[in-house]
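Here is a short set of exercises with worked solutions. Have your viewer ready and try each task before reading on.

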Amino acid sequence: MATYEFITSNPEQTGEFAGRLAGMLQENDILTLEGGLGAGKTTFTKGLAKGLGVKRNVNSPTFTIIKEYQGRLPLYHMDVYRLDDSFEDLGFDEYFDGGGVTVVEWAHLIKDQLPEERLAVTIMRVSEEERKIILEPSGERYEMLCKEIFE
Ligand code: ADP
Ligand code: MG
């Protein structure tokens, strides 16, 4: 399966890339976000939110697993890092089919509950300010999306 890579040199570029992607998203699109602490997952999500026209500040709250924001499409931001029981079903499906865009940070922790078709985004730290953003589409919808953003 094809993967796509994009290098950014600072947080702003990561945000801009996510914002550009946001412009191409449709209802019920699902993105997973992987990368170590400080890789830039939340930075990416903030850019995505901005691109979706979300006005509120997006953060990674300490005690909340799912946060919902209003934009051109609703944004469901999940950070499942603190889920201690990964088999716990918190009704994620209602979000996946909820008519918005779902972004899941640390998605591997709920791997079995994710839809098969999704766009996997992995952010790798290259240096202090450089990041490699890897897009790995599963399913036709996301393959098309990747081709669109990289053409
Ligand atoms: P995560 O959610 O993956 O833990 P954050 O987005 O909260 O990561 O933090 C990423 C940190 O790395 C921020 O302090 C940000 O300023 C910094 N940073 C430096 N260069 C980049 C870059 N190219 N892209 C994203 N973040 C970067
Ligand atoms: Mg984060």
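Contact here means heavy atoms within 4.5 Å. Helices (H or I, at least four residues) and strands (E, at least two) are DSSP runs, numbered from the N terminus. This is a predicted model, in which local features need pLDDT of at least 70, side-chain atom pairs count only at pLDDT 80 or more, and totals for chains, interfaces and linings use all residues. Residues are numbered from 1 along each chain as its sequence is written, chains are lettered from A and ligands numbered from 1 in the order in which they are written, and side-chain values use heavy atoms, with hydrogens and water left out.

**Exercise 1. Find which elements the buried residues of α2 pack against.**

Step 1: pick out the buried residues, where buried means under 20% relative accessible area, exposed over 50%, and partly exposed in between (1.4 Å probe, protein chains only). In α2 they are Lys41, Phe44, Thr45, Gly47, Leu48 and Ala49.

Step 2: follow their contacts. These residues pack against helix α1 and against strands β2, β4 (75–79), β5, β6 and β7.

Step 3: look just past the helix. Glycine 53, right after α2, has a positive phi of about 80°.

**Exercise 2. Work out the strand order of the open sheet and place its helices.**

Step 1: two strands pair if DSSP finds at least two bridges between them. The seven strands then run β1-β7-β6-β2-β5-β4-β3, with mixed pairing.

Step 2: find the edges. β1 (4–8) and β3 (66–69) each pair on one side only.

Step 3: take the twist. Axes are lines fitted to C-alpha atoms, for helices over the stretch in contact, and angles run from 0 to 180 degrees between N-to-C directions. On average, neighbouring strands of this sheet are turned by 20° against each other, direction ignored.

Step 4: inspect one pair. β1 and β7 (residues 131–138) are antiparallel over five bridges, and threonine 8 has arginine 131 of β7 as its bridge partner.

Step 5: add the helices. Helix α1 (residues 11–22) touches β1, β2 (30–34), β6 (118–125) and β7, and its direction makes about 140° with that of β1. Helix α4 (residues 140–150) also packs on the sheet, touching β1, β2, β6 and β7, at about 140° to the direction of β7.

**Exercise 3. Identify the protein donors of the magnesium ion.**

Step 1: search for donors, that is, N, O and S atoms within 2.8 Å of the metal (3.2 Å for Na, K and Ca); water is not among the atoms, so sites may look incomplete. The search gives Thr42 (OG1) and Glu105 (OE), lying 2.2 to 2.7 Å from ligand 2.

Step 2: locate them. Threonine 42 belongs to helix α2 (residues 41–51) and glutamate 105 to strand β5 (residues 101–105), so the two donors tie together parts 63 residues apart in sequence.

Step 3: check burial. Glutamate 105 counts as buried because its relative accessibility is 2%.

**Exercise 4. Describe the surroundings of aspartate 29.**

Step 1: place the residue. Aspartate 29 sits in the loop between α1 and β2 and is buried, with a relative accessible area of 3%.

Step 2: look for a polar contact (a pair of N or O atoms within 3.5 Å; within protein, one must be able to donate a hydrogen and the other to accept it, and residues adjacent in sequence count only if both atoms are side-chain atoms). The side chain of aspartate 29 makes one with the side chain of arginine 141, at 2.6 Å.

Step 3: list the touching residues. Not counting residues up to four places away in sequence, aspartate 29 touches Gly100, Val101, Thr102, Arg141 and Tyr142.
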